[in-house]
Amino acid sequence: MRRSASYLLISVALLLAAMAPLSAQDKRLHIAAPATLVETGFLRHLLPRFSLKYGIPITVVAPGESADAAFTDTPDGTPAFASGDTTWHLTIPAASTANPHLAKFADWLGSDIGRNTVTGFAGPPAFSADFARIVETAAPILDGDQERGAELSLVHCGRCHVIGEINRMNGVGSTPSFAVMRTFKDWKRRFSEFYALKPHPSFTQVTNVTEPFADGKAPHISPVEITLEEIEDIVAFAASVAPADLGAPIQHQ
């Protein structure tokens with residue numbers, strides 16, 4: 001009986017030993033990174049600290065190799081850390097979005113512990129988790145036709161908003177000009193989604209996007225009928241408008 005129990009314990013131990021490497025292998029992440037990042041030594045500082053905490057090993061591979069995610073210096077993913085003038089992004093392909101281990105890594109990178117780990121790299125070069133300034137000043141990628149957008153803005157928006165010198169005296173006083181709206185941090189979203197922001201839904205129809213007017217009732221003013229492509233043109237024009245100089249903030253004494 002004792003011998004049988006001993007064999008059973010040995011069998012269980014061998015089974016667990018055999019399963020351990022397999023479990024680690026199942027968890028292993030492969031992240032692609034270019035040589036310019038790898039050669040800094042930063043990833044040798046960053047990745048083992050995550051692996052030690054969560055037991056999820058990470059292997060760095062070259063760009064183009066099979067990987068669960070990639071660090072890139074192009075704005076194709078989520079900003080992760082910065083060095084000098086370069087902001088590195090964590091890009092996750094659609095096939096990996098359901099990977100729970102990758103999600104844990106992304107969450108850790110954005111946590112206080114992850115950010116402190118980034119700034120704890122001795123360098124050189126220095127790395128920082130304070131990349132908001134670089135991201136905010138990056139020029140937005142726009143696909144619209146700027147000249148066509150100017151024409152559409154005058155026709156559809158110019159009856160209420162001042163879009164520029166061309167209708168400087170014709171806007172409605174209670175509506176902000178394009179130049180003023182360009183000072184808003186979320187200006188691109190406001191222009192891209194204006195049809196969903198009050199009061200526009202009551203008189204705006206976007207082809208294949210918005211619902212017909214309630215009960216078939218016509219709006220109280222001439223409706224704006226527009227396509228998503230034309231909205232992209234308007235956004236491209238808005239991007240060319242210089243933000244208004246609203247002066248320095250009021251100083252309280």
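The exercises below, each with a worked solution, concern a predicted model of one protein chain.

**Exercise 1. Describe the overall make-up of the protein chain, from its secondary structure to its surface.**

Begin with the secondary structure, where the protein chain has ten helices and seven strands. Next, take burial: 31% of the 253 residues count as buried. Then consider the contacts with a separation of 6 or more, 59% of which are made by residues 24 or more positions apart. Finally, the accessible surface amounts to about 16300 Å², and carbon and sulfur atoms account for 56% of that area.

**Exercise 2. Determine which residues and elements build the largest nonpolar core, and how L37 is placed among its contacts.**

The largest nonpolar core holds 25 residues, and those touching the most other members are L37, F42, L46, F71, F81 and F105. Turning to the elements, two or more residues each come from strand 1 (29-32), helix 3 (42-54), strand 3 (69-72), strand 4, strand 5 and helix 4 (100-110). Of these, helix 3 gives the most, with five residues. For L37, once residues up to four places away in sequence are set aside, the residues touched are F42, L43, F71, F81, W88 and F127. A further step is to look for another such group, and there is indeed a second, separate core of 19 residues, including C157, F178, M181 and A238. As background, nonpolar side chains in soluble globular proteins tend to be buried together.

**Exercise 3. Characterise the second largest pocket by its volume, its lining and the elements that contribute to that lining.**

The volume of the second largest pocket is about 470 Å³. Its lining consists of 23 residues, and those nearest the centre of the pocket are H161, M181, F194, P199 and H200. Helix 7 (146-157), helix 8 (178-181) and helix 9 (187-192) are the elements that give two or more residues to this lining. Sorted by class, the lining comprises 14 nonpolar, six polar and three charged residues. Comparing the lists then shows M181 in two settings, since this residue lies among those nearest the pocket centre and also belongs to the second core.

**Exercise 4. Decide whether G84 is buried or exposed, and locate this residue in the chain.**

First, place G84 in the loop that lies between strand 4 (78-83) and strand 5 (86-91). Its relative accessible area is 59%, and because the cut-off for exposed is over 50%, G84 counts as exposed. As a last step, consider P125, which is 41 residues from G84 along the chain, while the C-alpha atoms of the two are separated by 8.0 Å.

Notes
Residues numbered from 1 in each chain as written. Predicted model: local features only at pLDDT ≥ 70, side-chain atom pairs only at ≥ 80, totals over all residues. Heavy atoms only, no water. Helix = DSSP H or I, 4+ residues; strand = E, 2+ residues; numbered from the N terminus. Buried < 20%, exposed > 50% of the residue type's maximum accessible area, 1.4 Å probe, protein only. Contact = heavy atoms within 4.5 Å. Areas by Shrake-Rupley, 256 points an atom, 1.4 Å probe, with all protein chains shown as cover. 1 Å grid on protein atoms, 1.4 Å probe; cavity = no way out; pocket = protein on both sides within 12 Å on 5 of 7 lines; lining within 4 Å. Points joined across faces, edges and corners; volume = space filled by probe spheres on them. Nonpolar A, V, L, I, M, F, W, Y, C, P; charged D, E, K, R; others polar. Core = buried A, V, L, I, M, F, W, Y, C linked by side-chain atoms within 4.5 Å.
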